[in-house]
Amino acid sequence: MRLSKLAVLAVVGLMIWPAFAAPVILNRNLGTEPPTADPALGEDTTSIEIIEQMFLGLVDMDEITMAPIPELAARWEVSADGLTWTFFMRSDVFWVKYDAKAGQVVYDLDEKGQKRPVTAHDVVYGVKRTLDPDTGSNYAYVLYIIEGALEANEGTGSLDAVGVKALDAYTVRFTLIAPAGYFGQIASMWVARPQPQWAIAKHGDAWIEPENIVTNGSYVMKTWVHNDNLVFVRNPYIPAALWGGGNIDEVHCVTIVEDSTEFAMYLNNELDTLDGPPLPEMDRIKADPVLSKQLNIRPQPCTYYYGFVTTKPPMDNPDVRKALSMTIDRKTIVEQVTKGGQIPANTFAGGTIFGNAALSPEIAPWAIDAAGWDYDKAVTEAQRLLAGAGYPDGAGLEIILMHNVSEGHARIAQAIQAMWTKAFPKARFIIETQEWGTYLKTITKETPIENVPHVYRLGWCQDYPDQNNWVHEVLNPTLGENKPRLSADDPYVGAAIARFDELTTQAGRLSDPVERAKLYFEAEKLLIDEIVAIAPIYYYSYNIMNKPWMTRKWHDTPHWDTWSIDMELKAKG
Amino acid sequence: MALQKRTMGANGEMRGRSPTQDAFRRLFRHRAATVGAIYVLLLVIVALFVDTTIPAAIFGGEARPLIAPKHFAEVSFFERDLPPGTPGFPLGTDYLGRDILSRTLYGTRVSLAVAIVAATVALIVGLTYGVISGFAPSGVDNAMMRFVDFLYGFPLLIFIILMQALFKAVSRRGATGFVGMMVGIDKALGGMFFLFVALGILNWIGMARLARGQTLSVKQKEYIESARALGASNLRIVFRHVLPNIIGPCIVSETLAIPGYILTEAFLSFIGLGVTPPTPSWGLMISETYQGLRTYPWETLIPGAALATTTLAFNFLGDGLRDAFDPRLRGT
Amino acid sequence: MIQYLVRRLLWAIPVLLAIMVVTFFLARAIPGGPFDFRGDKQIPETIRKNLERKYGLDLPLHQQLGRWIWDAIRFDFGPSYASRSQTVTDILKRTFPISFQLGVLALLFALCIGIPMGTIAAVKQNTIVDYGATFAAILGVSMPTMVTGPLLMWVFALILGWLPAARWGTDYTQLYLGFFPNLLSGKFWLHAILPSLTLGLAYSASIARLTRASLLQVIREDYIRTAYAKGLPGRRTVILHGLRNSLIPVATVLGPMFAGIVTGSMIVEQIFGIAGMGKYFVTSVTNRDYPMIMGAVLLYSVLLVGANLLVDVSYAWLDPRIRYD
């Protein structure tokens, strides 16, 4: 009798044990050591991923539409001229930390032993710290839309003059230099998040180490063994409304760089989820009945493109540029070379960016086989263009294509070299490679023209999902990076370039979304079809594998608090 | 003394054969070394003539390639990742549908060039330096060895990046004369010439240390003392007695270093500083496909096998050379 | 002997200084600076200037060098530009012990395989045993670690499931005196097997081949013949008299090999996800992380100079006829 009771107890215990006692653990590979966990300094996807979990923003971005949605700020108001943004914050979020002795997350208490709420002052401090030249933030420039920010960051103006102000403990107001319709997305970025002044003052640069860090987000850093692993635990004090609905209690991160090792660990059930399986394994994964079901492909807001240096003969002739762009068989590249569900691109900005014109048949239809075009027709047309420019079959054409060293870029460059050589058999296409730091120096617009290649490779990923971050900041002839060296004095397409300049500058200073979208559409059309400053190749995709027990949401920056694991399924392996 | 007499006898009194002839005779009696030598010779032929075509006039029809069936950059997107034995592609194709057989054959160029350039630089410079250092008075020896220590600690990688960045900038300005010639060679080797120079520079140092260690050891031998007693000059002692006695381990170490050079090239390909694609090298072929080892093993293992057999050949050849030039085996 | 050691150690100072000065100028001669780019993007001019001012990169070169030397004397190597919350000293302190453990295990493995294999090959010269040993050795040396690593992982971790796929069995927070692992820990050994095997294989072949070549030479020396003539049994002669003397070339190679192997192998560490310092020799250069370049090169150079000194001292032990006075 007693024995059977015990047995029943044991069985029941075993059944409920996983549900009640064992924490739900996510095993994740970050892909590399995060260079920082400091919101002011984050600049790479890995750092931003862990910052996202630990620090809340005024607003968050919607998983699908990328529109701003409430987070710390319950609501916000924009003045009629679009120059003043006021955020009204909730008052139930507190700063917390991990107490290693107690083995749990605790409130961070002030000198009087009081809990510290996250206030408007923390936001003001965060923004100003990011802009402080002594902080040395690489991303400070996205805040330049705020009044006085550029001057403060350059050191010519005072930080006190920056247009961010705490009206009361939970209301913060930003004053802008132009009515930027995209400021909501900027306010969601890590560089604009509240930062704990007292912890930073006390610990200096080391404030992000687990024993010092004070945070307010969904997860709290427990340990960080640099270059090896990080452990995060769920923040039990976060308001229920800000929790994403996931069930993960602890996240155990490793920092494996090697794709094939990460894949081996995933197969070995040492990881629950995997970002980017090795390229050569894609065929096997797609063919495998089990693995293919675990593969998820989602669009990623990045674009892979080749840029043309428009002042370097023979690339100064737009017909030559267009002929080269037309003979890139984008479909074959994404299907046979990159293989990860990327989408052939006909515009610079992809489909999730505000103001994009992606896949519109009115722009470069030959790139996406739209409006009756296919690759053969494009090649015929390109050959005609090039012959018209004085290079029949490419005779006399010598083009240097440069990319930074990387296995993936090399594959694409060799494929495109082969396509061009096939279309223009008498031309010479030379691939050159440089290591990343040297390469970026080489392709800037300051490099003497004899040292730059004719064609360069780059990718662009959004800082914030708005065309201003794309056509304007990257390609605007006067204010952007302008690596293609566009100039209104161009003898062939000078007028179009002047118009492009005007369009992209103007659109960034408007707040009416319909009007903005119209201007950006025209700008993209000029850029790709007439000026042909760049040849967009494909829009990136996420290739993510999940074990059957793993459910993920698709925010651009992962939100672990929205993920969940089915422990029963996982126990079965 | 017995040894001494025999060496003198080889000067022409005993038999009508020079020591070199003697050495070659013994080299070819060494079966494994002969196989190695033939293999290396074959590699040299492949490297020299891999892109030669047979003119149409000889067999009629079209001009046919002599060695490699296809050009190394001939891409065929829809025939990618085919296994060996596929008709038209005896060793299969890689991720861009390029013929692996042809690429491996073309790869001989870079890998053999690195082996020969680096090994020669290392052997000649290192041996001279090491012997001088070992033979010199201890003050000079010490200074020479500190210079070697200095070069040893020198970061090769920084040197290579610097050279590559510099020379690539120069090449586009259209260099002439000596620099132009160097740039020409560099281009033909897929941007690797300066790497080979750097490898040679790094590795003569290792050779110098080895040669010095050997010289120090040989220097104390009885036959050196007796030669000195007989009034031989330093130069004569070095050439007649020291060099022949230390060359064995040096050659063996150098043939052993050859796979190291080829692997260094592979490592540089791994970190992206190797040959510029699409020029193939075995190292590049391995490093660009190793991640798919489980799906397309042949893409990695075929260049790997080429690398291994070449290494094997150099090693057997090195063994044979060591035995052949060992003075204690002369006349046997 | 003591005098010799002191003299060599004094010599090391100008050697190291020269290496560091040349490295300093070389690193800065590479086009591109540490704050020209972040990830995939270019850093705007203003921000780059802010950062350069913050880290003293706007000063004249000779002042920067002077500063570095002055700080280095006090063991302060500055912050790493690529990971700004850590100093170079932090990074080296953390990663070097891991690389050292892996390196020493790999080297032990290489010696345990290499020397016996070379000896057997030499004793049975030009027989099938010799050729077999040569063949195996060369296979080991000519397989790049980027092939052997994933292959071993595939077989032993994925197919057989005997060993963990990746990572090191300890981290720097669990080391005795900040340097030594718990040798009784099963986890440590399980994780150590595959990476040290991969790394050791590449070195064992060199050692085996060099031992064989050198031993062959020694076997023909007069004193060995004398020993044979005295009627000593063959095997003892080889091991007692021959092997010790024949290790001189091996020792010569071991010095730099040691310095190279314990400062980490980028490929093996990357493939097995080990938090060693090997990657910093590459990433510090590609990131233009000047303080990290200087720190890594200095550590490497110190080890190398030290190892070479040890080698020279060991000559005296291996061959008593060599004296340093």
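Student: How many residues of chain C are in contact with chain A, and how many of chain A are on the other side?

Tutor: Keep in mind that we're looking at a predicted model. In it, chain C and chain A touch each other, and the contact takes in 40 residues of chain C and 43 residues of chain A.

Student: Which element gives the largest share of the side of chain C that touches chain A?

Tutor: Several elements of chain C give two or more residues to that side: β1 (37–38), α2 (45–54), α4 (88–123), α6 (145–159) and α10 (266–271). By type, the residues on this side of chain C split into 18 nonpolar, 13 polar and nine charged. The largest share is five residues, and it comes from α2(C).

Student: Staying in chain C, how are α5(C) and α7(C) oriented to each other?

Tutor: Helix α5 (residues 128–142) of chain C packs with helix α7 (residues 186–219) of chain C, with the axes 7 Å apart and an angle of about 140 degrees. Angles over 145 would count as roughly antiparallel, and 65 to 115 as roughly perpendicular. The angle here fits neither range, so the two helices are oblique.

Student: What types of residue make up the contact of α5(C) with α7(C)?

Tutor: From α5(C), the residues include C:Ala133 and C:Ile138, and they meet a set in α7(C) that includes C:Leu201 and C:Arg209. Sorted by type, the residues of this contact come to eight nonpolar, three polar and one charged.

Student: Over to chain A: which strands stand at the edges of the open sheet of four strands?

Tutor: The order in that sheet is β4-β5-β9-β8 (chain A), and the pairing is antiparallel. Each edge strand has a single partner strand, so one side of it is left without a neighbour in the sheet. The strands at the edges are β4 (73–78) and β8 (164–168) of chain A.

Student: What is the bridge partner of A:Trp76?

Tutor: β4(A) pairs with strand β5 (residues 84–89) of chain A in the antiparallel sense, over five bridges. The partner of A:Trp76 lies in β5(A), and that residue is A:Phe87.

Student: Which helix lies across β5, β8 and β9 of chain A?

Tutor: Look for a helix running at about 170 degrees to β8(A). The one that lies across those strands covers residues 120–131 of chain A, and it's α3.

Student: Last one, in chain B: how does B:Asp323 count, by its C-beta neighbours?

Tutor: B:Asp323 sits in helix α13 (residues 297–325) of chain B. A residue needs 20 or more neighbours within 10 Å to be buried, and 12 or fewer to be exposed. B:Asp323 has 19 C-beta neighbours inside 10 Å, so it counts as partly exposed.

How values were computed: Residues numbered from 1 in each chain as written. Chains lettered and ligands numbered in written order. Predicted model: local features only at pLDDT ≥ 70, side-chain atom pairs only at ≥ 80, totals over all residues. Axes fitted to C-alpha atoms, helices over the stretch in contact; angles between N-to-C directions. Contact = placed C-beta atoms within 7 Å. Nonpolar A, V, L, I, M, F, W, Y, C, P; charged D, E, K, R; others polar. Pairing = 2+ DSSP bridges.
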